[in-house]
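Please open the model in your viewer and keep the sequence panel at hand. The tour below proposes one selection after another and says what is to be found at each.

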Amino acid sequence: MKIVGKAIPHESAGEHVTGQALYTDDLLGRYPNLLQAWPVQAPQARARITQMDVSVAQEVPGVVKVLTAGDVPGINDSHTHHDEPLFPSEVMFWGQAVAWVLAESEEAARLGAEKVRVEYQPLPAILTLKEAIGQDSFQGSTLRARRGDAEQGLQNAPLTLEGELEIGGQEHFYLETQASLAALDETGNVVVQSSTQHPSETQQVVAQVLNLPRNRVVVQCLRMGGGFGGKETQANPYASVAALGTWLTKRPVRVRLNRVQDITLSGKRHPFYGRWKVGFTAEGQLLALKMELYADGGWSLDLSEAVLARAVCHSDNAYYIPHMDVTGRVCKTHKTSQTAFRGFGGPQGMVFIEEVLDQVARSLRLHPEEVRERNFYGVGGSWPSDSEEGLVSTDPDPATVTTHYGQTVKDWERTLLIWNALKESSDFARRRAEIIEFNVVNPQAKRGLAITPVKFGISFNMTAFNQAGALVLIYQDGSVQLNHGGTEMGQGLHTKMLQVAAQTLGVPLESVRLMPTRTDKVPNTSATAASSGTDLNGGAVKDACEQLKARLAGVAAQDFGVSPQDVMFEGGQVWSIWNPEQAVPFAQVVHKAYLQRVQLLSDGFYRTPNLHWDKSRMWGQPFHYFAYGAAVAEVEVDGFTGAYKVRQVDILHDVGDSLSPLVDKGQVEGGFVQGMGWLTLEDLRWDAKGQVATRSASTYKLPSFSELPEVFNVQLLPKASEPGVVYGSKAVGEPPLMLAISVREALRDAVGAFGEGGIVELASPATPEAVFWAIERVRERVLVSGD
């Protein structure tokens, strides 16, 4: 009976749509005598705190305690870097929490926070990337990945271009805001319910704040209402405040941010600025590229260096460039500490190289898809011919399938396979011709078409994080309890883990119960991030289940009189391959194992093999494999307003052998729409004071049904098994987001149609306003050339 690979609904789908699924803040009723927390937020982007008076606040009815730096028994910091004071003496971004008020009700806590008197000495603040670059305001190391001699390559190139681009950030806008509940258990130790992607790090930070060993802190994550990277490290301060409050008052404490607080306190996707110079031939073959990337890290380092490293590593996307030199710096600004967000720097790196390729193509008056396919890995400077099967390339020079950071591009030919198949299934050539005809006869409306590839590396940049554990228990009645270190945020990880366990043990899916993620069940876990949740935790779950099955096979083999290797488990039945008619129930074998004192619990462990990475040289093999995909997008743009609609999107994406096709297809669709929001709608802005100006759904435009493509075709690449990964599957969380670059490039194609060729400069995000001004620049160029 096939369970892995079966299209089943999300394990909590019914509970989600009926409101029965519980989240951290839904557990309030289990905590009588609960205190509510409210932050005191600074009205400065940067300032020194000269005085704080909490006495008036403590007189407000219902206020129990005002938490300040003096209350911290351990380390006053909410990050493992020790650069994020929980209670700061110097304000580093507008809205930073400088104290927290605990009260009997949320309203009393809010009123108490208003009465906390804080005096500030304003200090100069850096609010933009270019200000930071100009003032050498950097944090972390300079990162550099290179191959060949870019300077010499640029000098020898027949043609060169230079350019720059600034890419906006993105608000996570998960449905469930940051939330934590803390209480003392019957032994006086701390239990924290937290909406966190990284329970073990949350445990670590809470323990350091309270000056406790980690075994005295238990963190549980029931499920999250979205995360997208925003709860990988950013959940830690709120868990720490709740834990500190409960430690001091001996009462349960709730921290739950409202939407404005969440947006003003939490980090975003990193805005980036990049400048580059490229050398190329008249046919569009790239010869050399020199690129500088600058990430806006905000006030602290957080995960910014790792985000930048992934951007540097993905600035090639699917393209081979013989001479390549990419450097990156994290800028320090006085804004929220920018953090992980789906794609983790990869999207920004890919946008920059797609910008380069499009400008090269338009400078040569070539279709961008022609230049893209002429530069794929494996082509080696001698691009394949357009055969009946599409683009083909055989026996490439090994150098042309090696990245600028030294990793061989495994399965590079999948880019060509997907590209050819998608161009055919989307009828790309016919539609290109029809769009040209449409644009000729429609002066005030233009259509654009683009196809873009994705090659995304899977594994954590930090090699040590690529490990996972699991604990599987079998009870005498044959029912199974599953614990693993991954967290569920709606992405379907738990669904896949249930399928892996049931398939491996050969039991029905309903026989397996998945438990909430807890640090006292599986310790020292990595974050559920980097698209690695299924690879890592699935490997650990499969390992534990295989150990248990081997023990049970030994028990059954005694009864069947066969070798344990000849015992089969499927559908809750156990039999010998030599006599399948004499099957016995799984529970019967389990009970016999118990009577024989055979261990019926097992831990599992998985570590990703063959990884090595020298961060100082930015060289090695940081990724286990690459996930591939491509998307075709067609848009129509109104020349009067810049407004546009996405007419059609066609996607072909590589998820290996899908563990759960319904879940995976949903991840592809959702990732694409989120990427489209980042690149076309979500204009994250700060004002001149350093406040987040777009701090609600009324000022921050999110994708809705009206922005969905009118035709949306999504297919998973068949026969794409990935050896060495759980049941041949591949990661799916992040790579589809970058497929949305096709929409940005299609918009650029449409904007270009308002002119007579040449480079099209398009801001990111490409909002209707940005598209309008891009059209105006193109039209102005036509007028100038006409004069």
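What follows is a walk from the domains to single residues.

**Domains**

Bear in mind throughout that this is a predicted model. Begin by colouring the chain by its domain assignment, which gives domain 1 as 13–125 + 173–265, domain 2 as 272–377 + 397–460 + 615–786, and domain 3 as 467–607. Now select domain 1 and domain 3 together: their centres, taken over C-alpha atoms, are separated by 37 Å, and the contact draws on 18 residues from domain 1 and 16 residues from domain 3. The size of an interface is often given as the accessible area lost when the parts come together. Between domain 1 and domain 3 the buried area is about 1,400 Å², with carbon and sulfur atoms giving 53% of it. How many salt bridges cross the interface of domain 1 and domain 3? The rule finds zero across that interface.

**Salt bridges**

Side chains of opposite charge can pair when their charged atoms come close. The structure as a whole holds 50 salt bridges, and three of the pairs are visited here.

Select Glu 745 and Arg 372, which form a salt bridge whose closest N and O atoms are 3.5 Å apart. Because Glu 745 lies in helix α18 and Arg 372 in helix α11 (residues 368–374), the pair ties together parts that are 373 residues apart in sequence. Are these two residues buried or exposed? Both Glu 745 and Arg 372 are buried.

Move on to Glu 710 and Lys 645, whose side chains meet in a salt bridge at 3.9 Å, N to O. Here Glu 710 lies in the loop between α17 and β31 while Lys 645 lies in strand β30 (residues 644–653), so this pair ties together parts that are 65 residues apart in sequence. Glu 710 is exposed, with a relative accessible area of 51%, whereas Lys 645 is partly exposed, with a relative accessible area of 38%. Elsewhere, salt bridges that share partners join a set of residues into one network, whose members are Glu 354, Glu 355, Asp 358, Arg 362, Glu 369, Arg 372, Arg 432, Arg 744, Glu 745, Arg 748 and Asp 749.

From that network, pick out Arg 362, which is found in helix α10 (residues 346–363). Arg 362 has a relative accessible area of 12% and is therefore buried. If residues up to four places away in sequence are not counted, Arg 362 touches Pro 368, Arg 748, Asp 749, Gly 758, Ile 759 and Val 760.

For the third pair, select Asp 520 and Arg 518, where the side chains meet in a salt bridge of 2.9 Å, N to O. Asp 520 is partly exposed at 40% relative accessible area, and Arg 518 is partly exposed at 23%.

**Backbone details**

Centre the view on Ser 764 and Pro 765, which are joined by a cis peptide bond with omega about 10°. Pro 765 lies in the loop between α18 (741–752) and α19 (768–786).

Next select Phe 228, a residue other than glycine whose phi is positive, near 60°. Phe 228 lies in the loop between β11 (217–221) and α7 (236–249), and at 28% relative accessibility Phe 228 counts as partly exposed.

Then go to Lys 250, in the loop between α7 and β12 (253–256). Lys 250 also is not a glycine, and has a positive phi of about 65°; with a relative accessible area of 53%, Lys 250 is exposed.

**Nonpolar side chains**

Select Ile 436, Val 440 and Val 441, and show the surface: these residues make a nonpolar surface patch of about 310 Å². Val 440 belongs to helix α13 (residues 428–441), and at 67% relative accessibility Val 440 counts as exposed.

Finish at Leu 708, in the loop between α17 (661–680) and β31 (711–716). At 31% relative accessibility, Leu 708 counts as partly exposed. Which residues does Leu 708 touch, not counting those up to four places away in sequence? The contacts of Leu 708 on that count are Val 646 and Val 673. As a last distance to display, the C-alpha atoms of Leu 708 and Glu 151, which are 557 residues apart along the chain, are separated by 44 Å.

Definitions and conventions. Residues numbered from 1 in each chain as written. Predicted model: local features only at pLDDT ≥ 70, side-chain atom pairs only at ≥ 80, totals over all residues. Heavy atoms only, no water. Patch = residues over 30% accessible without salt bridge, like charges linked within 9 Å, V, L, I, M, F, W, Y side chains within 5 Å. Areas by Shrake-Rupley, 256 points an atom, 1.4 Å probe, with all protein chains shown as cover. Salt bridge = Lys/Arg side-chain N within 4 Å of Asp/Glu carboxyl O. Helix = DSSP H or I, 4+ residues; strand = E, 2+ residues; numbered from the N terminus. Buried < 20%, exposed > 50% of the residue type's maximum accessible area, 1.4 Å probe, protein only. Domains from an automatic or database assignment. Contact = heavy atoms within 4.5 Å. Buried area = accessible area lost by both parts, 1.4 Å probe.
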